[in-house]
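Q: Please take a close look at the aromatic residues in this model. Walk me through how their rings pair up and how covered they are.

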Amino acid sequence: ENIGEPNFKKLNYIKKKWPNHRIESHIMSKNPLNYIEKFSKYSDIVYFHYEIDDDINKVRNLIKDKKVVPGIVLHASKNYNNLDEVIKSYAEILVLCIEKPGESGQKFLLESHNLIKKINKLKVRDKFNLCVDGGLSLENIINIECEKIVSASNVFKNANPKKQITNLQKQLNN
């Protein structure tokens, strides 16, 4: 809420600095249609929330039309009774494990474990990548089964961010 337009100059800088790296963007808006045109210029994957005001199929199809992979964001505090149906059209799933999207430094929601386990037990689990975002640390990452993580404040607030990234990678790969 009350956040202005993203600084796309930063994405342009990142794309130029690391042209061979995959860039994954997460649109935290109830109206992602307003941002897909700009994000798609810099991104290989664009995630958007399941709980949006825009038509979800229109959002997914527009991202695909831009030759970008659409990803769906599920919030750990929500109950998805139709999980198979929700994720069936996506190769990239992101579970957001904090209370308030967009606010760094929050605690990991314990109910996240339930959603992650539910996702990992799906028959189609081999059809998508799972990314876990929010509140991750060396202590809680050992209980998480996924392909990718996002850990902002745990890395940036560390005295040695590069070493912390390596430590998180080691823990995730164990």
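A: Start with a cut-off: a residue is buried when its relative accessible area is under 20%, exposed when that area is over 50%, and partly exposed in between. The model is predicted.

Take Tyr42 with that in hand. Its relative accessible area is 17%, so Tyr42 is buried. Its partner Phe8 is at 11% relative accessibility and also counts as buried.

Now the rings. The structure holds four aromatic pairs. In one of them, the ring centres of Phe8 and Tyr42 are 6.4 Å apart. Their planes meet at 20 degrees. Planes under 30 degrees apart count as stacked, so this pair is stacked.

Where do the two residues sit? Phe8 lies in helix α1, and Tyr42 is in the loop between α2 (36-40) and β2 (45-49). The two are 34 residues apart in sequence, so the pair ties together separate parts of the chain. Phe39 joins them: ring pairs link Phe8, Phe39 and Tyr42 into a cluster.

A second pair to inspect is Tyr50 with Tyr80. The geometry here is edge-to-face, with 5.8 Å from centre to centre and 75 degrees between the planes. This pair links distant parts of the chain too. Tyr50 is in the loop between β2 and α3 (56-65). Tyr80 is in the loop between β3 and α4. They are 30 residues apart.

Buried or partly exposed: which word fits each of these two tyrosines? Tyr50, at 29% relative accessibility, counts as partly exposed. Tyr80, at 3%, counts as buried.

Aromatic side chains also turn up on the surface. Tyr13 and Trp18, together with Ile14, make a nonpolar surface patch of about 320 Å². Ile14 is found in helix α1 (residues 8-17). Its relative accessible area is 32%, so Ile14 is partly exposed. Helix α1 thus holds both Phe8 of the stacked pair and Ile14 of the patch.

One further helix rounds out the view. In α5 (residues 112-120), the buried residues are Ser112, His113, Leu115, Ile116, Ile119 and Asn120. They cover an arc of only 165 degrees around the axis, which puts them on the same side of α5. What covers them includes β3 (69-75), α4 (83-87), β4 (92-96) and β5 (129-133). Two of those elements, β3 and α4, are the ones on either side of the loop that carries Tyr80.

Key:
Residues are numbered from 1 along each chain as its sequence is written. This is a predicted model: local features need pLDDT of at least 70, side-chain atom pairs count only at pLDDT 80 or more; totals for chains, interfaces and linings use all residues. Side-chain values use heavy atoms; hydrogens and water are left out. Buried means under 20% relative accessible area, exposed over 50%, partly exposed in between (1.4 Å probe, protein chains only). Helices (H or I, at least four residues) and strands (E, at least two) are DSSP runs, numbered from the N terminus. The arc is that of the directions from the helix axis to the C-beta atoms. Contact means heavy atoms within 4.5 Å. Patches are made of residues with over 30% relative accessible area and no salt bridge: like charges are joined within 9 Å, nonpolar side chains (Val, Leu, Ile, Met, Phe, Trp, Tyr) within 5 Å. Accessible areas come from the Shrake-Rupley method with a 1.4 Å probe; for residues, only the protein chains shown count as cover. A salt bridge is a side-chain nitrogen of Lys or Arg within 4 Å of a carboxyl oxygen of Asp or Glu. Rings of Phe, Tyr and Trp (its six-membered ring) pair if their centres lie within 6.5 Å; planes under 30 degrees apart count as stacked, over 60 as edge-to-face and the rest as tilted.
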